[in-house]
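Let's take a walk through this structure together. Have the sequence and the 3D view ready, and follow along at your own pace.

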Amino acid sequence: MQKCLWASLAASIFVLGAVGCDDASDAVGDVLPGEQSREARIEQISEAACERYGDTEAGCPGYGTGEDQTYATEEDCERDFADRAGELWPAAECGAGQINDSKYEVCEERAKAAACSEGFFDAIAALSECSAENVCTDPADE
């Protein structure tokens, strides 16, 4: 899984185009009240990263068709980030409320930084902080 993510990050941080990774089943078990589902976290990180990408006042590329702009629209960005988060957090490892809140928050901050920067160090930090191994918990450990 990390090899696949690294391949997509090495080319360019969260660019358009799919990387051929196997996707686990999207079946998600019960989520306890107050816990965020995998789908909700994927939507949340996509919205946060794409809001940051569009923030031209912060020096981010913003939406459009210019040479330095990966995404023409916010919808394109959110769809791409959601696809990548789905690959990053397979349902088999991250379903049923298994996404750790505090580790997710760190990952979200890394994703926002990566959305605004194509720096090599941001890519490595995002890979490490956002991996399923780091963000998702094993229910047997709790």
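What follows is a short tour of one helix, a charged patch and a loop.

Keep in mind that you're looking at a predicted model. A good place to start is helix H2, which covers residues 38-53. Towards its end, look for Arg52, which sits in this helix. Is Arg52 buried or exposed? Neither, quite: its relative accessible area is 31%, so it counts as partly exposed, because that label covers everything between the 20% and 50% cut-offs.

Now see who Arg52 meets. Leaving out residues up to four places away in sequence, Arg52 touches Ala58, Cys60, Lys112 and Cys116. There's also a nice case of chain folding here: Arg52 and Ala113 are 61 residues apart in sequence, yet their C-alpha atoms are 7.9 Å apart in space.

Stay with H2 a bit longer, and turn to the surface. Which residues form the negative surface patch? They are Glu43, Glu47, Glu51, Glu74 and Glu75. Glu43 is located in helix H2, and H2 gives the patch its largest share, with 3 residues. Helix H3, residues 74-88, joins in as well: H2 and H3 each supply at least two residues.

Our last stop is Ala96, in the loop between helix H4 (91-94) and helix H5 (101-116). Check its backbone: phi of Ala96 is near 50 degrees, a positive value in a residue that isn't glycine. Ala96 has a relative accessible area of 32%, so this residue is partly exposed too.

Definitions and conventions:
Residues are numbered from 1 along each chain as its sequence is written. This is a predicted model: local features need pLDDT of at least 70, side-chain atom pairs count only at pLDDT 80 or more; totals for chains, interfaces and linings use all residues. Side-chain values use heavy atoms; hydrogens and water are left out. Helices (H or I, at least four residues) and strands (E, at least two) are DSSP runs, numbered from the N terminus. Buried means under 20% relative accessible area, exposed over 50%, partly exposed in between (1.4 Å probe, protein chains only). Contact means heavy atoms within 4.5 Å. Patches are made of residues with over 30% relative accessible area and no salt bridge: like charges are joined within 9 Å, nonpolar side chains (Val, Leu, Ile, Met, Phe, Trp, Tyr) within 5 Å. Accessible areas come from the Shrake-Rupley method with a 1.4 Å probe; for residues, only the protein chains shown count as cover. A salt bridge is a side-chain nitrogen of Lys or Arg within 4 Å of a carboxyl oxygen of Asp or Glu. Lys and Arg count as positive and Asp and Glu as negative; His and the chain ends are not counted. The place of a charge is taken as NZ of Lys, CZ of Arg, CG of Asp or CD of Glu.
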